[in-house]
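Below is my note on the model you sent, set out as numbered points. I have kept to what can be checked against the coordinates.

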Amino acid sequence: MVCLQCKFSLSWRQIHPAKVTAMTDVVVLGFPRSTYVHIVRLVLAQKGVAHSFRDLEPEMGSASHLALHPFDRVPILQHGDFTLYETSAIATYVDEAFEGPSLQPKDVRARARMNQWISSVNSYYYPYMIYHVTHERLVFPQLGIASDEKVVAHALPKVQRALEVLEKALGHGADYIVGSELTLADFFMLPSTYAFGLTEEGKAIYPKYPSFCEWRARMEALPTVKRFRASLPPRNPIEHARKWGVSHRPKY
Ligand SMILES: N[C@@H](CCC(=O)N[C@@H](CS)C(=O)NCC(=O)O)C(=O)O
């Protein structure tokens, strides 16, 4: 088969990788409560791409897990014979490989703004909201491990700063983070802010940020998000988190 644009001989799969296997063989691997797994599953849902979920909880850190993700994390996406890790790579792959509404602005500056938000979630929102506070307040106590107050105290000013920044940005008055269109930035922001909102600290400080609360309500009202929440199992303890105390729990 010859590609009409580049004139090279290519297999049908090389020319139209998604078209061959779309809707039939997309698998997300991870543990059910993972914030980053939720980003990927929400993006897939918004794109209308059916997928199955493989619960890696019993295998976390094992040779079979490390063969899929050499850095011992989740999520991992499998699409046919293609395996990919790192949420930013997965989210843009899903957006570009499948049909459905684009979640990346065409305008170069709006796309840069979206990427600025994605990077900010990875660097400033997830680490303090989830890795520090949510783990200490929800994940460890569910396993009978006491919260470390120093970790929470270190993170809270950073969480407040992050929320101030988001509140100011949402002052543009449009529905979504980058503007009037839903983008990947909204789906990156939602899971971290959702889980932090389950902590006492989140419940106490969220009302100080009204535009952010309106954005959350708008996101939770999306049919995709409602269906996704309804499909999730109960928030059972994350068993493999017992070993975080010796591997990568923050310490101050
Ligand atoms: N840079 C990674 C981060 C993924 C990440 O931190 N995932 C967490 C769950 S939300 C994880 O795998 N934790 C497992 C562990 O720490 O043992 C990405 O973007 O996918």
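1. Ile-205 is partly exposed, because 16 other C-beta atoms lie within 10 Å of its own, a count that falls short of the 20 or more required of a buried residue. This is a predicted model, and the points below should be read with that in mind. Ile-205 belongs to helix 9, which covers residues 200-205. Leaving aside residues up to four places away in sequence, Ile-205 touches Gln-160 and Leu-163. The separation between Ile-205 and Gln-160 is 45 residues in sequence, whereas their C-alpha atoms are 8.1 Å apart in space.

2. The sheet is open and consists of four strands in the order 2-1-3-4, with mixed pairing. Strand 2 (52-55) and strand 4 (82-85) are the edge strands, each of them pairing on one side only. From one strand to the next, the twist averages 20°. Helix 3 packs on this sheet, where it touches strand 1 (26-30) and strand 3, and the direction of helix 3 makes about 160° with that of strand 1.

3. The pairings of strand 3 can be followed residue by residue. Strand 1 and strand 3 run antiparallel and are joined by four bridges, and within this part of the sheet Val-26 stands opposite His-79 in strand 3. Strand 3 (residues 76-79) also pairs with strand 4, again in the antiparallel sense and over four bridges. Gln-78 has Thr-83 of strand 4 as its bridge partner, while Leu-77 stands opposite Leu-84 in strand 4. In a regular strand, side chains alternate between the two faces of the sheet.

4. Strand 3 and strand 4 form a hairpin that leaves two residues between them, and Gly-80, which lies in the turn, has a positive phi of about 60°. Two further residues deserve a check of their backbone angles, since neither is a glycine. Asp-72 has a positive phi of about 65° and lies in the loop between helix 4 and strand 3; with 13 C-beta neighbours inside 10 Å, Asp-72 counts as partly exposed. Glu-86 has a positive phi of about 85° and is placed in the loop between strand 4 and helix 5; because Glu-86 has 16 C-beta neighbours inside 10 Å, it too counts as partly exposed.

5. The loop between helix 4 (63-68) and strand 3 also holds Pro-75. The peptide bond leading from Val-74 to Pro-75 is cis, with omega near 10°, and I would ask that this be stated explicitly in any description of the model.

6. Which residues of helix 5 are buried? They are Thr-87, Ile-90, Ala-91, Val-94 and Asp-95. These residues cover an arc of only 130° around the axis, and they therefore lie on the same side of helix 5. Ala-89 and Glu-96, on the other side of helix 5, are exposed. The partners against which the buried residues of helix 5 pack are helix 3, strand 3, strand 4 and helix 8 (184-196).

7. What surrounds the ligand? The shell is made up of Ser-34, Thr-35, Tyr-36, Met-60, Arg-73, Val-74, Glu-86, Thr-87, Ser-88 and His-240. Helix 3 (35-47) and helix 5 (87-97) are the elements that give two or more residues to this shell. Sorted by class, the shell has three nonpolar, five polar and two charged residues. Several of these residues have already appeared above: Val-74 precedes the cis peptide bond to Pro-75, Glu-86 has a positive phi although it is not a glycine, and Thr-87 is one of the buried residues of helix 5. A description of the surroundings of the ligand would accordingly do well to mention these backbone features alongside the list of residues.

Terms used
Residues are numbered from 1 along each chain as its sequence is written. This is a predicted model: local features need pLDDT of at least 70, side-chain atom pairs count only at pLDDT 80 or more; totals for chains, interfaces and linings use all residues. A residue is near a molecule or strand if its C-beta atom, placed from the backbone, lies within 6 Å of it. Ala, Val, Leu, Ile, Met, Phe, Trp, Tyr, Cys and Pro count as nonpolar, Asp, Glu, Lys and Arg as charged, and the others, Gly among them, as polar. Two strands pair if DSSP finds at least two bridges between them. Axes are lines fitted to C-alpha atoms, for helices over the stretch in contact, and angles run from 0 to 180 degrees between N-to-C directions. Two residues are in contact if their C-beta atoms, placed from the backbone, lie within 7 Å. A residue is buried if 20 or more other C-beta atoms lie within 10 Å of its own, exposed if 12 or fewer, and partly exposed in between; C-beta atoms are placed from the backbone. The arc is that of the directions from the helix axis to the C-beta atoms.
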